[in-house]
Amino acid sequence: MFPFSRRFRNMFRSLQLTLVLSIVVPLVLFSGIAIYIGLGAVEKALNERLREDLELVAQAVSGPISNALAQGDELVLGESLKSIFQIGRISGASVFDENSDRVASLGVADTDVSNSASAEKVIASGKLGGAFRRVDGESVFSHFTPLVAEDGRIQGLLQVTRKRSDFHDLVASSRWWAVTIWSAFSFMMILVVVLGHYRTVGRHVSRLLENMAGLAPGRWLLVVPPSGPRELRQIHHGILNLGQRMAAAESEIEGRIARERALAEQLEYQEKVAMIGRVAGGVAHELGAPLNVIQGRARILARSGLPEAQHRHLSDIEHQVTRMTTIIQQLLDCFRHVPDSRRSLDLSSVLADVMKWVSEDRRCDCQMLETEGLEQAMAVRAEPLRVGLACLNVIRNGCQSARSRLRISAHDAGDCWEVRVEDDGPGIPEEHRSRVFEPFYSTRAAGEGTGLGLAVVNSVLKEHGGRVEVAGSDLGGCRMSLYFPKEAT
């Protein structure tokens, strides 16, 4: 029930029906009223014409009939009445004397006019007159003409009648044609409005509505050109402008959400780093002194002339103490946050220092080292020691993984500078790549790595708003890519 009533209300509110109700219906009503008034005027004119015709006929024979009535000549009186039927379309004629008695008659005529108001009025005024009345059961128009004697006295009346049916046939015919023309006119008006509305407005509105139905988040712009009358084009431009504002607002909201999410992630990361940094600092402080004491005592014992077997144990102790010290230092490097020390610098100068350290590292002596694009100017805003540490860790990992080749290159990656390190080693399985940046996670055998090197790299890149990615290399091994945001000019 409700959908039907809703559809009915929508149909009632449609522009097409509004045009029909506000324009066509008034025009049809006005034309109907005009036709009705026109038919009334026609009927009145025909009635007047009927009266004039009968009046002319009566005047034409009133003279001879008056003389015949005064002389009492019934033969002349009869012939005069017969001549009336030859002059015009007459239904009947009668002659009455001054006492309202019928003297002679032909056709449809009254036998007594004593009760006729029209006859009394003619006798009293001496003027012509007439009206519709029933004679012998038929409706006729009865016209009375006074018969005046030579002395000016009214000596009788001449009644001439015509059947009302003849008059009605003409009026009915006129009405039928009027109704037919009015109906055809009304139908054509409605047809013109309906078809004209569809061709000039309806199809353009339907097309616009179909395209508006496709508007949704991410698709706020109309893809069809404007069409139709000027008002519809203005509506189309208005919807297009509204869609552009919606798209701009949606883009701005998405940008704000992305920035807020990035800020929230950065804040969460910084809070986590700060917390772990405090823990790492406490651990380093608590373990640093005992480890220094152990290392010092081991060195003293090594100088005391102990046997060779005991010297080997002391070397193992010193090696493990050095390893623990390295782990503590990497923990501090991993979770130390120094954003205030960033400055504008050329990344190529940092890479030049890193390559010097690599050339002095004996772990990279047996590798064939290839470089590409490291000399180009690469403006970044960074803390040079932390950036150098991240690059050095990645290159050392590459040296340890490579069999014979290690390639280091720098590339322009749009809004970032990419430092790429590739080796021909065994690579990192794809299922492990998402975890290699987690602290203490390592793909090497136990005791061969701390699992903190790449965690330090990831921490440094996040501090600088960059990222680090791991993938396969065309050399056959692993490819590490460090992305540093370019400094805004």
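This is a short walk through the helices, strands and charged contacts of the structure above.

A word before I start. The model is predicted. Please keep that in mind for every number I quote.

Let's begin at the surface. Look at helix α2, which runs over residues 15-71. Tyr36 sits in that helix. Is Tyr36 buried or exposed? Tyr36 is exposed, because its relative accessible area is 64%, and the cut-off for exposed is over 50%. Tyr36 also has company. A nonpolar surface patch takes in Leu21, Val25, Leu29, Phe30, Ile33, Tyr36 and Ile37. Together these residues offer about 740 Å² of accessible area.

Stay in that part of the sequence for a moment. Val24 and Met188 lie 164 residues apart along the chain. Their C-alpha atoms are separated by 10.0 Å. Met188 belongs to helix α5, residues 164-213. Met188 counts as partly exposed, at 45% relative accessibility.

There is another pair of that kind. Glu231 and Val201 are 30 residues apart in sequence. From C-alpha to C-alpha, the distance is 9.7 Å. Glu231 is in helix α6, and at 44% relative accessibility Glu231 is partly exposed.

Now the strands. Take β5, residues 154-163. How many of the ten residues of β5 are buried? Eight are, and the strand is mostly covered. β5 pairs with β1, residues 92-97, in the antiparallel sense. Six bridges join these two strands. To find the register, start from Ser94: its bridge partner in β5 is Gln159.

Next, β8, residues 379-382. This strand has two faces. Which residues are covered, and which are uncovered? Val380 and Ala382 make the covered face. Ala379 and Arg381 make the uncovered one. Here is the general background: in a regular strand, side chains alternate between the two faces of the sheet. β8 pairs with β6, residues 343-346. The sense is antiparallel, and there are four bridges. One contact to look up: Asp346 has Ala379 of β8 as its bridge partner.

On to the charges. Side chains of opposite charge can pair when their charged atoms come close. How many salt bridges does the structure hold? Eight. I'll go through some of them.

The first on my list is Arg256 with Glu252. Their side chains meet at 2.5 Å, N to O. Why are they separated by about one helical turn? Because they are four residues apart in helix α6, residues 230-302. Both ends are partly exposed. Arg256 has a relative accessible area of 44%, and Glu252 is at 41%.

The next is Arg405 with Glu370. N to O, the distance is 2.9 Å. This pair links distant parts of the chain, 35 residues apart. Arg405 is in strand β9, residues 405-412. Glu370 is in strand β7, residues 368-372. Arg405 is partly exposed, with 28% relative accessible area.

Then Arg407 with Glu422. The closest N and O atoms are 3.2 Å apart. Arg407 is in β9, Glu422 is in β10 (residues 416-423), and 15 residues separate them. Now the burial. Arg407 counts as buried because it is at 16% relative accessibility, where the cut-off is under 20%. Glu422 is buried too, at 3%. Asp474 comes in as well: Arg407, Glu422 and Asp474 are linked in a network of salt bridges.

Charges also meet rings here. The charged end of Arg467 sits over the ring of Tyr483, 4.0 Å from its centre. The charged end of Lys486 sits over the ring of Trp417, at 4.6 Å from the centre. What about rings with rings? With ring centres required to lie within 6.5 Å, the count of aromatic pairs is zero.

I'll finish with helix α10, residues 453-463. Why is α10 largely enclosed by the rest of the structure? Because ten of its eleven residues are buried. Among them are Gly453, Leu454, Val457, Asn458 and Glu463. Just after α10 comes Gly465, with a positive phi of about 75 degrees.

To recap two places to look. At the surface, go to the nonpolar patch with Tyr36. For buried charge, go to Arg407 and Glu422. Thanks, and over to the group.

Key
Residues numbered from 1 in each chain as written. Predicted model: local features only at pLDDT ≥ 70, side-chain atom pairs only at ≥ 80, totals over all residues. Heavy atoms only, no water. Patch = residues over 30% accessible without salt bridge, like charges linked within 9 Å, V, L, I, M, F, W, Y side chains within 5 Å. Areas by Shrake-Rupley, 256 points an atom, 1.4 Å probe, with all protein chains shown as cover. Salt bridge = Lys/Arg side-chain N within 4 Å of Asp/Glu carboxyl O. Buried < 20%, exposed > 50% of the residue type's maximum accessible area, 1.4 Å probe, protein only. Phe/Tyr/Trp six-rings, centres within 6.5 Å; stacked < 30°, edge-to-face > 60°. Lys NZ or Arg CZ within 6 Å of the ring centre and 35° of its normal. Pairing = 2+ DSSP bridges.
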